[in-house]
Each structure stands twice: as C-alpha cells, then as structure tokens.
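Let's take a walk through this one together, a stop at a time. Have the viewer open and follow along.

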Amino acid sequence: MLLVSKIREGTVIDHIPAGRALVVLKILGITGNEGFRVAVVMNVDSARMKKKDIVKLEGYYPRIEDLMKISLVAPEATINIIKDYNVVEKRKVEVPKVIEGVLRCPNPTCISRKPGEPISSRFLLVSGSPLRLKCHYCGTEIGENDVIEQLVGGGRS
C-alpha cells in the first residue's frame, strides 16, 4: 500500500530509525516554511529494521555536511536522489571516523572550548552502534543521545 505519493524531483531519506524523522528534519533546518513539499512517514514496517521512518523532500538536495549529520542520528539511512520520478542516485550514509566543528565537547575545561583558541572541536568515532564519540583533545566520550541533543538543540562549538 502506497502511503505517500512519489516525488518528481528531490530527496528521499529512507531507513531512518523509528521516531527520528523529525530529528532529521530539525538538523537539516527544515521547518516547513522553505517551500519544499515535505512528507514524513513514521513507524512503518520494515523487513530490515522492524520499524522505520521515511522523509521525502520535493525540490531539496542535501549537502555533504547534511549527510554527515544524518549519519550521526540515522547511521543506516539511505539517501535517494530523485529526478523525473526516478531514483538517479542512491547512497548509504556513513558515520565519519572524524567529526570536526559540528559538536561541542561537554567538558568545560577542554581546550576546544577555550575562547580564542584557533581550533575547532574534533571527535573520533569509537563505536557506530551504539554511537560513541571521543573528544580528540581531552578524551571525553559522548553518546547518541548527547549528539542528538546537540544537533537538535544547536549546541555547537
């Protein structure tokens, strides 16, 4: 059964963990006021994931930095680029081994938080599932919930 119609041009983000579609929209900065037609399907059955979310964005094409952010909250997501109702490109997101300048170290004494320091935050991937990242400078580890909170709440360095 087709829940949402096909899109002519744009992006379909599939295999988002159930309940995370709105997080994906938030980290992409999509509020609904941009003029894109947006379809969100949540908690649909999936053979691979049991339940998943799907986001369809008519007229929207993600940037490389968007794909990295999506990978942090939906590491199994696939990005489908649609042209004239057909998938012309399909790629799986990949959690990068190094995440730089996107997240903030929660350690208040970390050098990456010092005003005037000519460095940006840098986290190293410890584990993809569950997501664990470690600050390159002080060794503080953060998990999936911390990452989501920062990306949705805007807690950047």
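Which residue lies over the face of Y61, and at what distance from the ring centre? That would be K83, which sits 4.6 Å from the centre of the ring. Keep in mind that you're looking at a predicted model.

Staying with aromatic side chains, let's turn to ring-on-ring contacts. The count comes to one aromatic pair, and the partners are F36 and Y60. Their arrangement is edge-to-face: the ring centres are 5.4 Å apart, with 80 degrees between the planes. That angle earns the label because planes over 60 degrees apart count as edge-to-face. Now look at where the two partners come from. F36 belongs to the loop between α1 (21-27) and β2 (37-46), while Y60 belongs to the loop between β3 (50-58) and α2 (64-73), so the pair ties together parts that sit 24 residues apart in sequence. As for solvent, Y60 is buried, with a relative accessible area of 9%, because the cut-off for buried is under 20%. F36 has 27% relative accessibility and counts as partly exposed.

Next, the backbone, where a few torsions deserve a click. K50, found in strand β3, has a phi near 70 degrees, a positive value in a residue other than glycine. K50 is also exposed, at 67% relative accessible area. Y85 is another non-glycine residue with a positive phi, again near 70 degrees. You'll find Y85 in the loop between β4 (78-83) and β5 (86-92), and with a relative accessible area of 41% it is partly exposed.

There's a peptide bond to check as well. S129 and P130 are joined in cis, with omega at about -5 degrees. P130 lies in the loop between β7 (122-128) and β8 (131-135).

Those two residues lead us to our last stop, since S129 and P130 are both among the residues lining the second largest pocket. How much space lies in that pocket? About 160 Å³. Its lining also includes P17, R20, M49, S71 and L72, along with P75, E76, G128, L131 and E144. Sorted by class, that lining has six nonpolar, three polar and three charged residues.

So where does the second largest pocket sit relative to the domains? Domain 1 (10-92) and domain 2 (98-153) each give residues to its lining, so the pocket lies between them. If you colour the model by domain, bear in mind that those bounds come from an automatic or database domain assignment.

Definitions and conventions
Residues are numbered from 1 along each chain as its sequence is written. Side-chain values use heavy atoms; hydrogens and water are left out. On a 1 Å grid over the protein atoms alone, a cavity is a set of points where a 1.4 Å probe fits but cannot get out, and a pocket is an open set with protein on both sides within 12 Å along at least five of seven lines; lining residues have an atom within 4 Å of a point. Grid points are joined across faces, edges and corners, and a volume is the space filled by probe spheres set on the points. Ala, Val, Leu, Ile, Met, Phe, Trp, Tyr, Cys and Pro count as nonpolar, Asp, Glu, Lys and Arg as charged, and the others, Gly among them, as polar. Rings of Phe, Tyr and Trp (its six-membered ring) pair if their centres lie within 6.5 Å; planes under 30 degrees apart count as stacked, over 60 as edge-to-face and the rest as tilted. Helices (H or I, at least four residues) and strands (E, at least two) are DSSP runs, numbered from the N terminus. Buried means under 20% relative accessible area, exposed over 50%, partly exposed in between (1.4 Å probe, protein chains only). A charge sits over a ring if NZ of Lys or CZ of Arg is within 6 Å of the ring centre and within 35 degrees of the ring normal.
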